[in-house]
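This report covers the fold, surface and selected side-chain contacts of one protein chain. Please have the sequence and the coordinates at hand while reading.

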Amino acid sequence: MAQTQTTTTAVARPPLTAFSWKSAGIAIGALIVFDVLINVYERLYALTKGLDYTSPEYATYWMSMLFAELVMETITAAALWGWLWMTRDRELSRLTPAE
């Protein structure tokens, strides 16, 4: 009778990265939901409140949306820059040229 010999080998775990498909899916889903809501808002108020920038309704319905967008972009940029700054590699002498 022949005997078989089994051996075990270790498999290296890939390094952890900041990217994950789950986070990307959540972010893309949130952008799609936001885009659909903006589209519905624009369709509801474009014809009834008008698109003439000299009317007071324009300032109420469209400029408020612009200001909200600017605030959200500022907060998002600050959060992203803060995250990049806090998670950076502090040992620059140990970095390889590829990194």
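Is Tyr45 buried, exposed or partly exposed? Tyr45 is partly exposed, because its relative accessible area is 27%, and the class runs between buried, under 20%, and exposed, over 50% (1.4 Å probe, protein chains only).

The model is predicted: local features need pLDDT of at least 70, side-chain atom pairs count only at pLDDT 80 or more, and totals for chains, interfaces and linings use all residues. Residues are numbered from 1 along each chain as its sequence is written, and side-chain values use heavy atoms, with hydrogens and water left out.

**Overall fold**

Two helices and zero strands make up the secondary structure of the chain. Helices (H or I, at least four residues) and strands (E, at least two) are DSSP runs, numbered from the N terminus. Helix H1 (21–49) and helix H2 (56–86) are separated by a loop that contains Ser55. Of the 99 residues of the chain, 4% count as buried. The exposed area of the chain is about 9,500 Å², and carbon and sulfur atoms supply 66% of it; accessible areas come from the Shrake-Rupley method with a 1.4 Å probe, and for residues only the protein chains shown count as cover.

An unreviewed UniProt entry lists residues 21–41 and 61–84 under "transmembrane region". UniProt positions are given in the numbering used here, feature names are shortened, and annotations may be inferred rather than shown by experiment. The two spans compare with the model as follows.

| Span | Helix | Strand | Distance between end C-alpha atoms |
|---|---|---|---|
| Residues 21–41 | 100% | 0% | 30 Å |
| Residues 61–84 | 100% | 0% | 35 Å |

**Aromatic residues**

Rings of Phe, Tyr and Trp (its six-membered ring) pair if their centres lie within 6.5 Å; planes under 30 degrees apart count as stacked, over 60 as edge-to-face and the rest as tilted. The count by this rule is three aromatic pairs. One of them, Tyr41 with Tyr45, is tilted, at 5.0 Å centre to centre and 55° between the planes. Both residues lie in helix H1, four residues apart, about one turn of the helix. Tyr41 is partly exposed, with 23% relative accessibility. Tyr45 and Tyr61 form a stacked pair, because their ring centres are 4.8 Å apart and their planes are at 25°. Tyr45 lies in helix H1 and Tyr61 in helix H2, so this pair ties together parts that are 16 residues apart in sequence. Tyr41, Tyr45, Tyr61 and Trp62 belong to one aromatic cluster.

**Polar contacts**

A polar contact is a pair of N or O atoms within 3.5 Å; within protein, one must be able to donate a hydrogen and the other to accept it, and residues adjacent in sequence count only if both atoms are side-chain atoms. In helix H1, Asn39 is partly exposed at 31% relative accessible area. The side chains of Asn39 and Arg43 are joined by a polar contact of 2.6 Å. In the loop between the helices, Ser55 is buried, with a relative accessible area of 17%. Its side chain reaches the backbone oxygen of Asp52 at 2.9 Å.
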